[in-house]
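Me: Got a model I'd like to talk through with you. Can we take one residue and then a pocket?

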Amino acid sequence: MENTDLQIPMPEFNDLNQPYWDNLAKGSLSFQHCTCCGHNWLPPRSECPQCLEDKWTWQVATGNAKLISWVVYHMAYHPAFAQRLPYAVAVVELEEGARLISNVIGVDDFESLQIDQALHLVIEQEQGLAIPRFQPAEDIT
């Protein structure tokens, strides 16, 4: 018998990434913006990966994105994901340029996914934590 109460691995929270998680809990996806060179990025880090300056702010994303790359899992490498099979893990590029690893949801046929496909943010609750996921933009009503 399968245990449906298995917990997914949780992220590590720290002073640097806490604003990211706090904003998601309030319904917004945020990213870091360098005030020196204008570069936007995720995941959170203490300096800009473009110019290495430590002068940045948090900004809120529009929720519009595009699909850069993805893989569809047909095998669970952690027992908590077994009942989700198959599922897509993707690299998503926000309209603002920051990229993140997320899931593509709301897709019946993963073969219909395309590079540069328009996506839109959907924030879902998972074990009491707000998680950013993306679905094809044409599926938004």
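Reply: Sure. Helices (H or I, at least four residues) and strands (E, at least two) are DSSP runs, numbered from the N terminus. This is a predicted model, where local features need pLDDT of at least 70, side-chain atom pairs count only at pLDDT 80 or more, and totals for chains, interfaces and linings use all residues. Residues are numbered from 1 along each chain as its sequence is written, and side-chain values use heavy atoms, with hydrogens and water left out.

Me: Which strand does Gln32 lie in?
Reply: Look at residues 30–34, a stretch that includes Gln32. That run is strand E1.

Me: Is Gln32 buried or exposed?
Reply: Buried means under 20% relative accessible area, exposed over 50%, partly exposed in between (1.4 Å probe, protein chains only). Gln32 has a relative accessible area of 0%, so Gln32 is buried.

Me: Which side chain makes a polar contact with the side chain of Gln32?
Reply: A polar contact is a pair of N or O atoms within 3.5 Å; within protein, one must be able to donate a hydrogen and the other to accept it, and residues adjacent in sequence count only if both atoms are side-chain atoms. The backbone nitrogen of Arg45 lies 2.8 Å from a polar atom of the Gln32 side chain. The side-chain partner, at 2.8 Å, is Trp41.

Me: How do the residues lining the largest pocket divide into nonpolar, polar and charged?
Reply: Ala, Val, Leu, Ile, Met, Phe, Trp, Tyr, Cys and Pro count as nonpolar, Asp, Glu, Lys and Arg as charged, and the others, Gly among them, as polar. A pocket is an open set of points on a 1 Å grid over the protein atoms alone, where a 1.4 Å probe fits, with protein on both sides within 12 Å along at least five of seven lines; lining residues have an atom within 4 Å of a point. For this lining, the split is 22 nonpolar, four polar and four charged.
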